Amino acid sequence: MAKRNVDLTSQEWRDLVFADKNKDFGAYEIRRQSDRRHNMAVLFTVVGLIIVFILILAYSKYSDYRAEQEQLALQEQREKMASAELLQQEEEPEPEPEPEEQKMEMEIPQVPEEVLATVQVTQIAIVDADKVKNEIMDMEEQKEDNTARGVVNQEGSDDVDKFKEVKEQVVVKEPEPPAPVVEKPKVDEIFVAVEQPAEFPGGQAAMMKWLSSNIRYPEAAQQNEIQGRVVVKFVVEKDGSVSQVQVVKGIDKDLDREAIRVVQKMPKWQPGKNNGVAVRSYFNLPVTFKLQTQ
């Protein structure tokens, strides 16, 4: 009778299984080495699990370490910013008090009071002779006497001119108001670029047609077979008229003069505009001179 508890990995079991078989066959060798393979597999599995556990633990520690370092760096940065703000507040100078407005007070000259000496003018009245106190002077004596006359007798300076100078010094004259500032009229600005450029009446095609109809090719330039493009610069005024015509790029004096002449002869343009308002603006116009080949 067979045993119930049989160790399938034991030597007995292998011998029993391969009792009537050729043991030199590969199956017997495989079965014989299966114990070792199973043990190695279990060992490797346990070692692998241990390594994985160690790696997970190390990664967790490393993550905590990095979080702690970032927290320390953030805290250090905040401390530096707080220190910089505190230093900046200490370095900022206190605002200087605004100087008090100095009031201009006009000094009144202290002129010593000058009193003009006067002699009381005797009033003519009919009184008793014993009551007459002041001597009456006739008109001729008064003319010869330089003493000033007044209603009472008063001691003072006999120099009338000096008395007048003192009175003039006492009178304080008010300062004259400043002259009004006259603003110079502003010269109209000439714009290089405008929102709505100036335009020949009828557009570009009409301008080319007008130029071809009005240009006269100089005879000297024709004989010398001179041709090319003359660039003319001019100003389109607010009313559309053309002014300040000049050659920017020329090729021949006769052709340059003809280009200036024909541009000056142009009809009024539609002026350039900024915000819907007509303004003065520059315009560059190429005038082409080309000989007709026969």
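A residue counts as buried here when its relative accessible area is under 20%. Keep that cut-off in mind while we walk through this predicted model, starting with one residue that clears it easily. Val230 sits at 0% relative accessibility, so it counts as buried.

Where does Val230 sit? It is found in strand 4, which covers residues 228–236. Leaving aside residues up to four places away in sequence, Val230 touches a good list of partners, among them Val247, Ile251, Leu255, Ala259, Leu285, Val287 and Phe289. Another pairing to look up on screen is Val230 with Asp252: they are 22 residues apart along the chain, and their C-alpha atoms are separated by 8.6 Å.

Now follow strand 4 out into its sheet. Four strands make up this open sheet, in the order 3-8-4-5, with mixed pairing. Strand 3 (190–191) and strand 5 (242–249) stand at the edges with a single partner strand each, so one side of each has no neighbour in the sheet. Strand 4 pairs with strand 8 in the antiparallel sense, over 9 bridges. If you want a spot to check the register, Arg229 stands opposite Thr288 in strand 8.

Strand 8 also leads us to helix 5. The buried residues of that helix pack against strand 8 (280–289) and helix 7 (253–264). Which residues of helix 5 are the buried ones? Within its span of 204–214, they are Met207, Trp210, Leu211 and Asn214. These cover an arc of only 100 degrees around the axis, which puts them on the same side of helix 5. Turn the helix around and you get the face pointing away from that buried side, which carries the exposed residues Ala205, Lys209, Ser212 and Ser213.

For a contrast with Val230, jump to helix 2, residues 26–91, where you will find Leu55. Is Leu55 buried or exposed? Its relative accessibility is 56%, so Leu55 counts as exposed. Leu55 belongs to a nonpolar patch on the surface, formed together with Met40, Leu43, Phe44, Val47 and Ile51, and the patch adds up to about 550 Å² of accessible area.

Finally, zoom out to the whole protein. The secondary structure comes to 7 helices and 8 strands. Of the 294 residues, 19% count as buried. The accessible surface comes to about 25,500 Å², and carbon and sulfur atoms own 53% of that. As for contacts with a separation of 6 or more, 74% of them are between residues 24 or more positions apart.

Terms used. Residues are numbered from 1 along each chain as its sequence is written. This is a predicted model: local features need pLDDT of at least 70, side-chain atom pairs count only at pLDDT 80 or more; totals for chains, interfaces and linings use all residues. Side-chain values use heavy atoms; hydrogens and water are left out. Buried means under 20% relative accessible area, exposed over 50%, partly exposed in between (1.4 Å probe, protein chains only). Helices (H or I, at least four residues) and strands (E, at least two) are DSSP runs, numbered from the N terminus. The arc is that of the directions from the helix axis to the C-beta atoms. Contact means heavy atoms within 4.5 Å. Accessible areas come from the Shrake-Rupley method with a 1.4 Å probe; for residues, only the protein chains shown count as cover. Patches are made of residues with over 30% relative accessible area and no salt bridge: like charges are joined within 9 Å, nonpolar side chains (Val, Leu, Ile, Met, Phe, Trp, Tyr) within 5 Å. A salt bridge is a side-chain nitrogen of Lys or Arg within 4 Å of a carboxyl oxygen of Asp or Glu. Two strands pair if DSSP finds at least two bridges between them.
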